[in-house]
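This report introduces a molecular structure to a reader who has not met it before. The sequence and the model are shown first, and the description follows.

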Amino acid sequence: MFRKLVFFSFILLITSFFTASKVFSQEPPQEVTKVTFNQAYDEYMGFFEEYNNAHAEYVLKRSQYLKFQTLKSSQDAYAATLTMLEKRDDVAVSYLKVLMARLEEGIGILESKKDNLFYRINEEIDWYTNHKNNLSTTGSLDDLVSDSNLAANRWLRVDPLAYEIMSVLAQGKITNYDKRMDEILIEMKDKIELIRADEREGYTFSSDKFQIIDRWIFEADGKITRSKEKQIEADNMIKTLFGSKKSSVITYNSIISKLTESQLFIKEANQFIKEIVKQVKIEE
Amino acid sequence: MAEKKLDILKEGKKWVFSLIGKPLADNSGVKVKVNSSQETQEPTEDSVANDIKMFKDFAKKSFDMTKKATIPFAKKGASSVTDTARVVSTSVDNKFIKNLVRLFVISFFVIILIFITIYLFKMLGQENNPVQIVGVSPTPVTFSPYKPSVYAEDLEILVLEEKINILEKEIMGVDIKEGGINPPKLDYNIKF
């Protein structure tokens with residue numbers, strides 16, 4: 001009997017190893033579905049359309065109130081203005097989300113810079129969301145006007161932030177091209193050194209050919225250096241964008257022109273490296 | 001002279017009134033008798049019959065006159081037709097025309113023969129030199145304008161070349177300026 005009991009326990013122990021399943025104390029974190037740029041943009045365009053309609057209604061009711069000055073017209077004007085202000089805040093929030101989605105997809109941007117911009121965008125989103133929620137607590141047209149002025153002052157921070165983000169996105173593209181150009185040039189230089197060191201017959205070039213190749217490498221280096229200088233200038237301008245008295249649009253356009261010059265230098269360097277490849281592939 | 005004119009005028013008036021059936025008022029003082037209906041009908045019927053008779057006479061006279069005038073011309077036309085027929089028949093019989101027609105037919109057949117011979121010669125020429133049909137060869141021959149070095153097929157060089165080409169395409173095709181995400185124009189100027 002005792003032996004049977006031991007044997008049965010042993011069998012039970014063996015089977016438990018195969019049938020046991022994992023048990024978690026906590027549920028695994030669910031994947032957060034990130035909003036893509038296209039989704040955010042569609043939402044933004046929808047809110048913008050609603051705002052335009054609400055604004056048209058506001059303009060009508062406002063003109064009626066100013067003309068008749070009746071209680072009914074005042075109430076209608078209040079309702080229309082309230083709706084318009086709410087829609088305006090929705091547009092502001094959705095636009096900030098568009099910027100956030102676009103920044104998420106941006107290339108060549110440092111993570112620290114991205115995080116800093118995300119933090120600032122979220123700050124503005126929270127402010128406008130609270131502002132919209134507080135609009136319903138207003139009691140008169142004057143309250144609405146003062147709340148609107150608060151949003152107007154806040155928008156003076158959002159406008160330069162938006163252009164800063166757009167500048168950073170453009171800068172990221174150029175940084176990406178610059179990085180890839182550097183890698184290509186380093187690889188090419190290493191390859192040329194290998195060819196120079198190769199003593200096998202037919203596997204090395206003449207000194208004249210190496211001079212030509214070195215000349216191309218020197219020119220490519222020069223173009224890349226000029227490109228980096230332009231990027232530094234653009235970066236300095238981006239830093240001064242927020243808080244500058246100058247119009248954000250003008251500064252943004254200046255940044256883009258600098259980055260375009262940098263792009264052209266990278267393109268020229270690319271052409272020079274193509275010439276090097278051509279020289280390497282052609283027999284003397 | 002004046003009396004004659006008056007008479008002519010009277011006659012004309014009489015005729016017009018007889019046409020329209022009105023009794024003529026006689027200025028000479030002769031009393032116009034007012035007859036019965038039968039008597040009034042008879043003059044009107046006579047005037048209509050007279051008119052019809054006058055018209056018939058006129059038509060017959062005019063027909064006769066035109067007949068007399070046109071008969072010589074018709075005879076002349078008939079004679080001219082016979083004359084031309086005679087001329088044509090004589091020309092057909094003419095040797096010159098016959099020869100001309102003969103020459104035309106011969107030249108026509110000669111031209112046809114020439115075309116046939118040219119076509120045959122062309123066909124024969126094609127048989128001797130058959131036309132080479134140019135098609136797509138299974139292995140395309142790449143045209144290399146230069147003599148390649150030992151590094152032309154080097155893997156590292158080819159990878160580098162590929163990277164350069166990709167980067168070039170991106171630089172050429174991409175617009176660094178962000179389009180479509182400029183800040184929206186919102187109305188912040190709210191006043192009452």
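## Salt bridges and the basis of the report

A salt bridge is a side-chain nitrogen of Lys or Arg within 4 Å of a carboxyl oxygen of Asp or Glu. By this rule, the count over all chains comes to 27 salt bridges.

The structure is a predicted model, in which local features need pLDDT of at least 70 and side-chain atom pairs count only at pLDDT 80 or more, while totals for chains, interfaces and linings use all residues. Residues are numbered from 1 along each chain as its sequence is written, chains are lettered from A and ligands numbered from 1 in the order in which they are written, and side-chain values use heavy atoms, with hydrogens and water left out.

## Chain A

Chain A contains 7 helices and 0 strands; helices (H or I, at least four residues) and strands (E, at least two) are DSSP runs, numbered from the N terminus. Along the sequence, the pattern of chain A is α-α-α-α-α-α-α. Of its 284 residues, 40% count as buried, where buried means under 20% relative accessible area, exposed over 50%, and partly exposed in between (1.4 Å probe, protein chains only). The accessible surface of chain A is about 16,900 Å², and 56% of this belongs to carbon and sulfur atoms; such areas come from the Shrake-Rupley method with a 1.4 Å probe, and for residues only the protein chains shown count as cover.

Contact means heavy atoms within 4.5 Å. Among contacts in chain A between residues at least 6 apart in sequence, 80% join residues at least 24 apart. A:Phe47, placed in helix α2 of chain A, offers a local view. Residues up to four places away in sequence aside, A:Phe47 touches A:Asp90, A:Val91 and A:Ser94. The C-alpha atoms of A:Phe47 and A:Arg88 are separated by 8.3 Å, although the two residues are 41 residues apart along the chain. A:Phe47 counts as partly exposed because its relative accessibility is 23%.

## Salt bridges within chain A

The side chains of A:Glu124 and A:Arg157 meet in a salt bridge, at 3.4 Å from N to O. A:Glu124 belongs to helix α4 (residues 111-135) of chain A and A:Arg157 to helix α5 of chain A, so this pair ties together parts that are 33 residues apart in sequence. A:Glu124 has 3% relative accessibility and therefore counts as buried, whereas A:Arg157, at 35%, counts as partly exposed.

A further salt bridge joins A:Lys223 to A:Glu268, with the closest N and O atoms 2.6 Å apart. Because A:Lys223 lies in helix α6 (residues 207-241) of chain A and A:Glu268 in helix α7 of chain A, the pair ties together parts that are 45 residues apart in sequence. A:Glu268 is partly exposed, with a relative accessible area of 33%.

## Chain B

Chain B has 4 helices and 0 strands, and its elements run α-α-α-α from the N terminus on. Of the 192 residues of chain B, 9% count as buried. Its accessible surface comes to about 17,000 Å², with 66% belonging to carbon and sulfur atoms.

Chain B also carries a nonpolar surface patch of about 1,100 Å², whose members include B:Phe96, B:Phe104, B:Ile112 and B:Leu120. Patches are made of residues with over 30% relative accessible area and no salt bridge, like charges being joined within 9 Å and nonpolar side chains (Val, Leu, Ile, Met, Phe, Trp, Tyr) within 5 Å. Within this patch, B:Ile112 is found in helix α3 (residues 95-128) of chain B; at 34% relative accessibility, B:Ile112 counts as partly exposed.

## The interface between the chains

In the interface, 66 residues of chain A are in contact with 40 residues of chain B. The two chains bury about 4,900 Å² between them, 65% of it on carbon and sulfur atoms; buried area is the accessible area (1.4 Å probe) that two parts lose on being put together, summed over both. Across this interface the rule finds 8 salt bridges. The elements giving two or more residues to the side of chain A that touches chain B are α2 (37-68), α3 (71-105), α5 (141-197) and α7 (248-281) of chain A. Of these, α5(A) gives the most, with 24 residues.

One of the salt bridges is formed by B:Glu170 and A:Arg180, whose closest N and O atoms are 2.7 Å apart. B:Glu170 counts as partly exposed at 28% relative accessibility, and A:Arg180 likewise counts as partly exposed at 22%. In addition, A:Arg102, A:Lys173 and B:Glu178 are linked in a network of salt bridges.
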